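Me: I have a structure open and want to talk through a few parts of it. Can you keep the answers short?

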Amino acid sequence: MSGLSSLSQLLPMRILFFLWILFMPLCPIFFGMHVTFVSGECLSDGRVCLEDEVLLLLQLKSSLIFNTAASNKLVSWIQRADCCSWGGVTWDATGRVVSLDLSSEFISGELNSSSSIFSLQYLQSLNLANNTFSSQIPAEFHKLGNLNYLNLSNAGFSGQIPIEISYLTRLVTIDFSICYFPGLPTLNLENPNLTTLVQNLKELRELHLSGVNISAKGKEWCQSLSSSVPNLQALSLSSCFLSGPIDSSLEKLQYLSRIRLDGNNFSSPVPEFLANFQILTCLRLSSCGLYGTFPEKIFQVPTLQILDIENNMLLEGSLPEFPLNGALETLVLSDTKFSGKVPDSIGNLKILTRIELARCNFSGPIPNSMADLTQLFNIFLNASSSVLHTLDLSSNNLEGPIPESVFELQGLHILDLSSNKFNGTVELSKFQKLGNLTTLSLSYNNLWIIASGSDFIPPKLPHLITLKLASCQLGTLPDLSSQSRLSYLDLSENQIQGEIPNWIWKVGNGSLTHLNLSLNLLEDLPEPSSILSTNLLVLDLHSNQLHGRIPTPPACSLYVDYSNNSFTSFIPVDIGTYISLNIVFMLSKNNITGIIPESICNASYLSVLDLSDNALSGKIPSCLIEIETLAVLNLGRNKFSSIISGEFPGNCVLRTFDLNGNLLEGKIPVSLAKCKELEVLNLGNNQIDDNFPCWLKNISNLRVLVLRANKLHGPIGCPNSNSTWPMVQIMDLAHNNFSGELPAKSFLTWRAMMAGDDEVESKHKNLEFEVLLGLYYQDAVTVTSKGQELELVKILTLFTSIDLSRNNFEGEIPEVMGDLTLLNVLNLSGNGFTGHIPSSLGQLRQLDLNFLSVLNLSFNQLVGKIPTGSQLQTFSENSFLGNRGLWGFPLNPSCKDAAPPPAFESRHSGSRMEIDWDYVAPEIGFVTGLGIVIWPLVFCKRWRRCYYEHVDGILSRILRS
């Protein structure tokens with residue numbers, strides 16, 4: 001499922017905090033910040049450092065909490081040592097401290113307002129970046145009036161940036177950037193706001209506030225900068241909660257060279273005036289919600305070196321003709337709607353080191369001029385090198401054979417051509433020329449990869465870490481036993497046969513962490529115990545022909561999928577020991593018997609557990625539904641019995657609960673209402689005896705509700721509930737004992753079945769969610785259409801269905817059902833509905849658009865003429881059979897029973913009534929005989945149910961044939 005929820009939402013806050021600590025040193029790389037490291041220098045004329053300055057520094061050291069083992073600077077501040085050797089300190093000619101660099105010194109705790117650092121009156125440069133101070137930025141910084149450089153990036157400060165910073169009128173560079181993580185403290189610039197901060201900083205050249213919560217509209221933040229800092233050269237405001245559009249006033253900053261605004265929600269076109277910055281070298285606008293057509297003039301800025309506009313899904317454009325010796329070094333357009341061909345002039349970008357065009361709409365062949373990107377550019381390197389580092393053209397519509405020029409890019413580290421339309425035969429040994437490759441991905445093309453022979457990948461690819469050859473028509477398993485660094489291997493969706501060799505568990509000398517051999521024809525696993533000793537985090541063997549006992553999962557695994565094989569035996573009693581770290585464990589569609597061991601509940605990190613389509617029996621362990629991290633529990637189509645026991649946790653994150661096709665009894669657990677994220681609930685085909693679960697009405701995310709073929713009874717209306725199911729798209733209550741009239745108000749709240757045409761495209765996606773990075777779980781559900789059971793392996797959010805057949809509903813069909821204009825399946829057959837067919841049902845235009853579409857109103861007590869001039873005439877008469885008083889097309893007009901009743905005038909013309917016994921006698925006989933058949937159907941539920949099942953069986957055989 002989408003939506004979305006990601007794995008991080010399930011992790012404790014302390015894990016997020018440690019991740020922040022781990023990645024904090026990398027943030028200067030990600031945000032393009034430049035950190036200056038300055039060491040102390042001895043005074044040239046032999047004078048010593050001023051004693052007052054020395055004492056202030058020693059006081060500062062004593063007041064700071066830092067890791068002495070990791071420190072390189074503070075540990076060198078020793079009183080008896082030469083102060084000129086103190087790390088991070090720069091002295092001027094008069095013995096005063098003018099620069100202090102304590103970045104990355106593992107400092108923690110508060111920076112107090114009384115700190116001696118604020119007494120260093122002559123400081124011009126202060127760098128405290130990459131530490132873990134746990135306080136707000138002290139207002140006392142205003143005492144350092146000589147500062148021209150202030151770097152507090154990723155230093156652990158949080159809260160409001162004080163207004164006193166605006167008093168430092170000599171500042172040339174401000175860097176308060178932070179790595180933003182949801183849920184962790186951040187810096188704010190709201191009161192004072194950005195306007196107040198920069199209003200006095202006329203000398204400012206560089207402003208880095210990435211990750212700071214500014215929350216300003218386009219006109220506001222653009223005009224604040226253009227009016228206050230006219231000489232600005234570098235602007236970094238990524239992930240600052242800015243909104244758009246980008247105002248034209250920004251064009252006044254003609255000295256801008258580096259612009260980084262990625263990670264904001266501008267929701268606007270890219271302004272053309274960005275092409276007017278004549279010294280622009282870097283433009284980063286990724287993930288900004290940009291749309292429209294990207295201005296081609298921006299490509300023509302002669303000084304532009306870095307252009308990154310990826311992840312703007314609605315942004316269109318095409319690549320221009322590039323001038324000779326263009327300055328571009330990095331070009332990233334991935335996840336946009338750029339289209340057209342990659343021009344031959346791409347070869348003019350002689351110093352291009354990174355090009356990423358993944359998941360766009362590019363078509364045509366890769367130009368041969370790519371070979372020109374191997375030209376040497378030694379002006380700055382003074383050494384021979386091949387410039388192009390990354391070539392990512394994945395997920396486009398590129399076609400033709402892979403050009404020979406690609407094999408000449410000998411400096412390539414990353415080559416990703418996956419998910420295109422490349423064709424032809426490629427010998428894997430040809431990639432030996434690319435000896436620096438760390439990543440090779442050719443998956444999902446029309447390629448036939450030849451990997452036969454023992455010398456196709458000799459140790460000339462010693463750096464290979466990732467190899468993806470999914471759907472490459474491989475017939476044999478390539479011999480990768482010599483790859484010493486391989487970490488990620490995907491050979492899925494091929495025709496690899498035979499056994500899985502033992503050497504594969506030793507690939508990479510223990511470095512292999514991701515192995516995907518799914519969707520092949522593998523049969524044997526000679527030593528399943530060998531898996532246990534590997535370092536695999538992800539093991540996917542699903543959809544093969546493997547048999548025997550269940551392989552023991554790797555000890556450190558997070559994701560294991562053994563589904564859709566022929567494994568037999570039972571689940572090991574101590575399974576919980578082996579999957580204690582697992583987030584995903586799937587064993588569906590095998591021949592597993594026995595019970596679910598209680599030890600499985602020791603897997604306290606489980607997010608997905610799928611044991612469906614086996615022969616498991618016994619009672620479902622109550623501890624399973626008490627696992628707080630569980631998002632998917634699928635035990636459908638087994639032989640579980642007894643009641644559903646246990647208490648769903650208060651912080652339940654369950655999204656899919658599927659127990660369909662078992663022998664379960666009792667009631668639906670009321671505690672299920674705690675699972676507010678529930679999207680799929682399938683309890684069909686059991687023996688549950690309960691009322692309609694009105695307590696689930698508060699679950700607003702519910703999309704699929706299947707309760708068919710149980711012993712449920714009573715009305716389905718929930719009169720005391722004001723909640724709705726706005727997302728519901730599949731409602732299957734068939735084959736129960738529900739009764740009463742249909743609740744018209746409920747249908748009005750099912751908005752997912754009522755979307756307009758403009759919303760259809762946005763809904764055309766699958767129900768899925770990401771369980772690990774790049775790994776998704778997709779729900780499946782079985783629907784009954786035209787008498788046939790069809791499994792929707794991928795539930796499209798566009799598909800909608802209502803099946804209320806074979807119950808005891810009565811009354812009229814609500815007129816409001818015609819408002820459910822996106823219905824694909826509507827089955828109301830086998831009930832006791834009366835009255836006319838609502839003319840509004842003719843608005844259900846989706847009912848005739850695909851192979852699943854069905855309308856079934858048969859075997860009720862409907863009367864009157866079938867509404868004409870609507871979609872209702874597109875169905876066969878089978879959709880309306882068994883309604884004695886119904887007539888009109890498509891019912892057969894030659895049938896006397898289907899003919900319209902005589903008009904009022906014809907029945908009452910003339911002054912006296914005459915009885916024609918030639919007609920009456922046969923009719924009396926017919927009515928009497930018909931009554932003998934109809935009376936049990938109307939008044940005997942048992943007779944009626946047997947009759948309907950018999951008729952359905954006949955219709956099913958007819959339709960199948």
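Me: Which strand does β38 pair with, and in what sense?
Reply: This is a predicted model. In it, strand β38 (residues 593-594) pairs with strand β40 (residues 615-618) in the parallel sense, over two bridges.

Me: And what is the bridge partner of Thr-593 in β40?
Reply: Ala-615 is the bridge partner of Thr-593.

Me: Which strand do two bridges join to β40, with the two running parallel?
Reply: That is strand β42 (residues 639-643). Within β42, Lys-639 is the bridge partner of Ser-617.

Me: OK, zooming out. How many helices and strands does the protein have?
Reply: The secondary structure comes to 11 helices and 60 strands. The protein has 961 residues, and 52% of them are buried.

Me: What about the surface?
Reply: About 41,500 Å² is exposed, and carbon and sulfur atoms supply 53% of that.

Me: Which residues form a nonpolar patch there?
Reply: Tyr-291, Met-313 and Leu-314 do, with about 320 Å² of accessible area together. Tyr-291 is in strand β15 (residues 291-293).

Me: Why does Tyr-291 count as partly exposed?
Reply: Because its relative accessibility is 37%, and partly exposed covers the range between under 20% (buried) and over 50% (exposed).

Me: Different spot: is Gly-411 buried or exposed?
Reply: Gly-411 counts as buried because its relative accessibility is 8%. The cut-off for buried is under 20%.

Me: Where is Gly-411 found?
Reply: In the loop between β23 (397-400) and β24 (414-416). The C-alpha atoms of Gly-411 and Leu-434 are separated by 7.1 Å, and these two residues are 23 residues apart along the chain.

Definitions and conventions
Residues are numbered from 1 along each chain as its sequence is written. This is a predicted model: local features need pLDDT of at least 70, side-chain atom pairs count only at pLDDT 80 or more; totals for chains, interfaces and linings use all residues. Side-chain values use heavy atoms; hydrogens and water are left out. Patches are made of residues with over 30% relative accessible area and no salt bridge: like charges are joined within 9 Å, nonpolar side chains (Val, Leu, Ile, Met, Phe, Trp, Tyr) within 5 Å. Accessible areas come from the Shrake-Rupley method with a 1.4 Å probe; for residues, only the protein chains shown count as cover. A salt bridge is a side-chain nitrogen of Lys or Arg within 4 Å of a carboxyl oxygen of Asp or Glu. Helices (H or I, at least four residues) and strands (E, at least two) are DSSP runs, numbered from the N terminus. Buried means under 20% relative accessible area, exposed over 50%, partly exposed in between (1.4 Å probe, protein chains only). Two strands pair if DSSP finds at least two bridges between them.
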